[in-house]
Amino acid sequence: MGKYRKTTQIVILIGVLLLGGYAIGKALFASDDGGLPKIGEKPPEFALLGEDQEAHKLSDYEGKALVINFWGTFCPPCVIETPEFQRQYEKWTSMGKPFEIIGINLGEDSLTVRNFVQQYGLTYEMLYDKGRKIMAKYGVESFPTTFFVKPDGTIMDIFVGGMTEEDIDKRVTKLLQS
Amino acid sequence: MLSFQNTKCECGHQNPVGTVLCESCGKPLEEAEAASTAPLEMRYDGAARRSQKTNPSIIDRVWNFFSSVKIAVWLIVITLIASMIGTIFTQESAFISFDPDTYYEEKYGWIGKLYYELGFSHTYETWWFTTLIVMIATSLVVCSLDRVLPLYKALSKQQVRKHVQFLKRQRTVYEGAVVGDAEEWVAEVEQQLKRKRYKVKREGTALLAEKNRFSRWGPYINHIGLIVFLLAVLLRSVPGWAMDSYLAIREGETLQIPETNYYLKNEKFTLDYYADDELPDELKGIPRPKLYQTDAILYECTADCDDPLKEPVLEEVSQHGIIVNDPMAYGGLKIYQFGYDDTPKLAAVKPVLVDKTTGKTYGPFELSMRNPQLNYELGPYTLELHSKYLDFAMDEKGEPRTKSDEPNAPAFIFMLKGPGLAEDGEPYMYFPRQIDKEKFSQDAINGDLANRFEIKVPSMEGVTFAGTVSTLNIRTEMAMPYIWTGTAIWIFGVFLGSYWHHRRIWLRIDEGRVLLGAHTNKNFHGMRADVASVLKKTGIDVEPKSLDNGGNRA
Amino acid sequence: MNSSLLTFSSDAYLVAFFLYCLGFISYGITIAGARYTKRDPKAYMKRWGRISYVISLLGFVSHVAFFFTRWIGGGHIPTSNMYEFISFLAMMIMLAFVVVHAIYRKAVIGLFTLPLIVIIVAYSMVFPQEVQPLIPALQSYWLKIHVTTAALGEAFFAVGFATALLQLLRVVDFREKSPRARRSQRWVEIVMIVGVIMIGYLVSVFGFRAAGYEAVFVQENVTITDAGVDNTETDEVVYSLPPIFKPFNSQVQEIDSFIGLKDGVFETPHWMKGVDAARKLNTIIWSIIAGLVVYAIIRLILRKPIGAVLHPFTRGIDPDDLDEISYRTIAIGYPLFTLGALVFAMIWAYEAWSRFWGWDPKEVWALITWLYYTAYLHLRLSRGWHGEKSAWLAVIGFIVVMFTLVGVNLVLVGLHSYAGV
């Protein structure tokens with residue numbers, strides 16, 4: 001046994017370093033933002049029914065700068081920020097930029113959503129997240145939550161809470177530069 | 001202490017550095033130890049612990065650190081104190097949703113704030129607590145390895161004839177004259193010991209009897225169990241190995257279990273209270289829950305699972321009445337009863353349209369809160385649903401909005417068309433709940449139209465309430481079999497080491513005098529009783545207590 | 001529910017209580033008599049030791065009768081609330097005593113174990129005694145397995161504590177004046193005082209209960225809701241001891257007369273939230289005062305520290321025996337505690353709460369207790385801690401056990417809050 005002693009010691013200490021380091025590292029870098037996807041990752045794929053009665057997939061928007069906004073009519077900051085998104089949408093699409101906004105509604109019925117769209121004259125894409133499945137998939141816990149996705153399909157930023165036009169503008173400008 | 005040591009014993013055996021008692025004959029080797037007459041230190045049978053070395057390198061130093069029981073006890077004590085601190089205030093993990101930034105200060109003042117800022121509000125998830133556990137685990141591995149191998153070696157090559165000093169300095173010793181012939185007496189002792197289930201080895205008039213050696217492995221087995229347990233806990237962090245989600249399902253509803261291909265239906269939720277005659281007098285009249293049960297059906301999606309244009313095709317895979325101590329289990333999923341909400345919520349109403357001028361009623365029609373139909377034909381009239389608000393309120397600008405997506409205060413705006421009404425219809429606002437109707441003054445909103453028409457529910461039969469919401473906890477714990485394996489090994493080792501005692505008796509006869517020494521790792525009382533009983537049966541009557549050589553060392 | 005059976009059950013419990021008291025007195029006679037008797041002290045001790053043991057055993061039989069009749073009468077194992085659990089713990093301590101007695105046959109173990117049982121039985125009677133049908137969380141066979149095994153393990157720790165205390169009384173020299181000896185004397189006396197305070201607590205609770213004392217306070221709490229509306233809630237609390245401390249910002253609603261007391265003497269500081277915290281503080285203050293009064297009377301009569309008075313009676317005992325018994329008892333309890341309070345607890349928690357471990361305060365304290373006794377065993381087996389050091393560890397260990405059992409439910413909040421306190 002004697003001659004293997006050094007080897008045993010090294011093997012065990014390396015094992016401790018690896019496993020222990022992993023455990024401690026996990027505790028050290030535990031994210032406090034719950035299950036939200038990380039910046040730099042690709043957001044989870046989805047397929048949802050749109051206001052236009054068509055299926056929309058995340059992959060359909062590949063190559064475009066994308067804003068994904070989770071909202072509901074029952075959430076006042078969502079209602080307040082909607083016109084700001086509409087103005088941004090008009091601004092960038094009129095300039096011919098490869099840019100899309102997707103509003104993902106959190107489980108409300110079409111009557112409610114359609115009325116809201118008409119009331120605010122929204123022209124960007126509205127998708128129905130029936131049963132809030134995609135919300136759970138994205139780890140969204142409070143509304144509104146907005147994802148900014150670069151044309152290469154990775155997340156540039158995640159914003160939790162209501163946004164002003166300036167907030168949106170700053171980020172979209174950066175999105176389009178990338 | 002390690003600087004000088006003559007490791008060669010007088011019996012000719014060459015011992016490793018750090019040896020306390022000669023591996024072969026048991027003679028005390030260290031000068032100080034040899035000079036004393038106090039009972040011997042018998043830990044690990046006096047073998048050198050693996051880590052003791054004359055010239056330690058850095059790796060040796062780290063190794064020695066973790067090999068020390070003193071360090072192990074310190075680690076245990078620090079972990080113990082940290083755990084105590086973690087119970088002073090409620091941990092963050094006990095809340096489902098709250099804001100820890102403000103909670104601790106508001107509830108406990110500056111001390112709560114300090115507690116939160118130092119990270120004690122999530123003590124058991126901090127990096128330093130994990131570090132403590134990792135260090136304990138390391139200590140478990142290193143300590144055990146360093147001791148079990150030398151001990152194993154020492155116990156597997158035991159000499160029968162031990163040094164006189166070794167015998168005299170055991171905690172249980174007997175010295176006296178032999179009764180009759182030495183050989184015959186020893187043979188008789190052997191018989192008696194065998195009757196007590198000792199394994200006996202004899203070399204002439206020297207004898208070694210031993211029993212329950214396996215109990216010595218108990219501590220090491222329980223340490224292995226703890227290591228397996230801790231590794232299994234670490235396994236839980238492998239993606240997909242541990243899932244924990246909550247699903248609030250209303251009676252009759254079917255929801256997808258997030259991130260799985262399974263759907264769960266709440267068929268029926270039952271909440272039973274104890275009846276008064278089941279309760280003692282002191283508790284009569286106080287509601288005391290007897291049963292929470294969700295009759296649930298689990299479906300697996302077989303086709304069209306991700307197609308938003310189609311309904312998923314579901315196939316039933318399991319059915320279970322989930323109660324608090326009896327979860328549903330299927331294919332690695334476990335579904336537990338967690339909570340419920342039985343606040344009554346409107347599901348649908350069946351109102352009629354009343355023409356106040358003629359007194360005629362049209363309808364009833366079914367108005368669902370969640371997914372209402374958009375058009376209703378009622379005799380000559382048509383109702384077009386224009387908008388709906390589940391939890392009606394007015395915002396700052398005086399615009400109607402909904403406060404939540406729960407039907408707490410539902411409101412509907414219809415366009416009423418028909419004879420005597422404007423071509424495009426006239427708006428009519430309808431609050432199904434009487435209390436809301438008054439609160440938001442429905443009649444005033446509808447103005448003149450309110451004098452001509454009314455939408456109302458004629459009787460309570462026309463009202464359906466939504467069922468109770470049952471909250472279920474859905475778990476996957478792939479590491480569980482490993483966790484239970486570790487636990488089983490651990491508890492097996494603890495029992496093995498605690499309830500059986502390793503006992504050894506050495507005996508030699510020199511010039512007609514018996515010298516007997518006995519050792520056990522614990523329970524000296526039992527050891528002495530064994531020796532006294534054997535002696536008694538072979539003709540030597542001694543009081544067990546008189547065998548005690550003093551020195552309380554284990 | 002079978003009420004005649006339950007009545008019999010309560011009677012049996014009372015009988016057990018008195019037999020335990022008698023057993024304790026008898027053990028006192030055994031030890032004290034052996035010192036003063038003119039005849040052979042060994043024979044005297046043997047005879048009286050046997051009498052005492054038989055009396056205690058009869059108490060145990062009566063206690064077991066209480067347990068099973070209550071089980072049958074109530075329809076579930078009586079370990080589901082504070083009253084039942086504490087009473088069960090006392091029964092397990094008696095069982096542990098029987099086991100240890102069978103091994104060592106030492107009357108002197110009874111001298112300290114029986115008063116401990118008497119105090120614990122009396123303490124159980126402080127809590128509401130009706131049979132409470134099981135709430136859904138407790139409807140599991142694990143209630144039988146987990147609670148009983150854990151309590152049995154803890155009971156051995158209790159006997160280990162009683163023996164260790166006796167060992168301390170034996171080895172601490174009360175005549176010596178060195179700083180080290182004085183420190184030991186002081187700490188032994190403090191343990192004695194804690195015991196007397198426990199008695200003071202029981203005396204005041206049962207005294208005022210017998211007198212039917214009651215004081216009711218109403219506390220108004222004004223909170224401001226998110227909407228900016230004042231929300232007033234009133235809490236009512238019934239004191240069964242005269243209010244030395246009344247709840248913060250509260251009014252007397254009703255108060256029985258006690259030496260002319262018309263209102264609380266002091267007001268609880270505002271940071272002690274809630275009326276129950278105030279009531280508990282009042283109870284603690286009462287116990288300390290009553291305990292200190294009892295202690296002062298004892299000191300006046302004895303004119304010596306309690307420890308110094310008891311010490312001579314222990315002189316005939318071999319301290320090494322006590323050391324071994326205390327250690328052995330804890331070593332017997334340790335696997336049972338591990339199994340009951342950790343392993344079975346994890347299995348049940350996994351069945352009922354979906355996780356085997358959740359850092360609930362009760363779980364953490366069970367772990368703390370386990371870590372504590374693990375340290376005890378390692379210090380003893382590998383670091384050679386014996387005698388006085390080890391005895392102190394056993395004494396402190398029992399305080400940890402009692403906090404886990406009772407303190408957590410009274411002081412901390414968590415999932416194990418079934419007990420009506």
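# Reading domains and interfaces in a three-chain model

Biologist: How far apart do the end C-alpha atoms of residues 80–199 of chain C lie, and how much of the span is helix or strand?

Modeller: In this predicted model, the end C-alpha atoms of that span of chain C are 25 Å apart. Residues 80–199 of chain C are 77% helix and 0% strand.

Biologist: Which feature does UniProt place at residues 80–199 of chain C?

Modeller: The UniProt record, an unreviewed entry, gives "domain: Cytochrome c assembly protein". The feature covers residues 80–199 and also residues 291–416 of chain C.

Biologist: Into which domains is chain C divided?

Modeller: Read the bounds of the domain assignment separately from the UniProt feature. Domain 1 of chain C is made of 3–174 and 310–411, while domain 2 of chain C runs over 177–304. Their C-alpha centres lie 27 Å apart.

Biologist: How many residues of domain 1 of chain C are in contact with domain 2 of chain C?

Modeller: Contact involves 16 residues of domain 1 of chain C and 16 residues of domain 2 of chain C. A count of residues can be read alongside an area. In general, an interface's size is often stated as the accessible area that is lost when the parts come together. Here the two domains of chain C bury about 1400 Å² between them, with 75% of it on carbon and sulfur atoms.

Biologist: Which residues in domain 1 of chain C lose the most area to domain 2 of chain C?

Modeller: They are Ile119(C), Val126(C) and Trp392(C). Together these three account for 33% of what the domain 1 side buries.

Biologist: Which residue forms a salt bridge with Arg180(C)?

Modeller: Look for opposite charges whose N and O atoms come within 4 Å. Glu388(C) is the partner of Arg180(C), and their closest N and O atoms are 3.9 Å apart. The pair therefore falls inside the 4 Å cut-off. The rule finds one salt bridge across the interface of the two domains of chain C. The count of residue pairs in polar contact there is four, both residues being at pLDDT 80 or more.

Biologist: Which helices of chain C each supply at least two residues of the side of domain 1 that touches domain 2?

Modeller: Helix H4 (107–124), helix H5 (142–171) and helix H11 (387–411) of chain C do. H11(C) has the largest share, four residues. By class, this side of domain 1 of chain C has 14 nonpolar, no polar and two charged residues.

Biologist: How many residues of chain C are in contact with chain B?

Modeller: The same reading works between chains. Chain C contributes 61 residues in contact with 63 residues of chain B. The two chains bury about 5300 Å² between them, 64% of it on carbon and sulfur atoms. In chain C, Tyr350(C), Phe356(C) and Trp359(C) lose the most area to chain B, and together they give 12% of what that side buries.

Biologist: How many salt bridges are counted between chain C and chain B?

Modeller: Four. Asp318(C) and Lys545(B) meet through their side chains in a salt bridge of 2.6 Å, N to O. Between chain C and chain B, 19 residue pairs are in polar contact, both residues at pLDDT 80 or more.

Biologist: Which elements give two or more residues to the side of chain C that touches chain B?

Modeller: Helix H3 (82–104), helix H9 (319–353) and helix H10 (361–382) of chain C. H9(C) gives the most, with 22 residues. The side of chain C that touches chain B has 39 nonpolar, 10 polar and 12 charged residues.

Biologist: How many residues does the contact take from chain B and from chain A?

Modeller: It takes 45 residues from chain B and 38 residues from chain A. The buried area between these chains is about 3300 Å², and carbon and sulfur atoms give 64% of it. Three salt bridges are counted between chain B and chain A. Arg132(A) and Asp405(B) meet in a salt bridge between their side chains, at 2.5 Å from N to O. Eight residue pairs of these two chains are in polar contact, both residues at pLDDT 80 or more.

Biologist: Which elements of chain B give two or more residues to the side that touches chain A?

Modeller: Helices and strands both appear in the list: helix H2 (58–67), helix H6 (127–156), helix H9 (218–235), strand S16 (381–389) and strand S18 (400–402) of chain B. H6(B) gives the most, with eight residues. The residues of this side of chain B divide into 18 nonpolar, 14 polar and 13 charged.

Biologist: Which domains does the assignment give for chain A?

Modeller: Domain 1 of chain A is 1–30 and domain 2 of chain A is 47–177. Their centres, taken over C-alpha atoms, are separated by 47 Å.

Terms used:
Residues numbered from 1 in each chain as written. Chains lettered and ligands numbered in written order. Predicted model: local features only at pLDDT ≥ 70, side-chain atom pairs only at ≥ 80, totals over all residues. Heavy atoms only, no water. Contact = heavy atoms within 4.5 Å. Buried area = accessible area lost by both parts, 1.4 Å probe. Polar contact = N/O pair within 3.5 Å; in protein donor to acceptor, adjacent residues only side chain to side chain. Nonpolar A, V, L, I, M, F, W, Y, C, P; charged D, E, K, R; others polar. UniProt positions renumbered as here; feature names shortened; annotations may be inferred. Domains from an automatic or database assignment.
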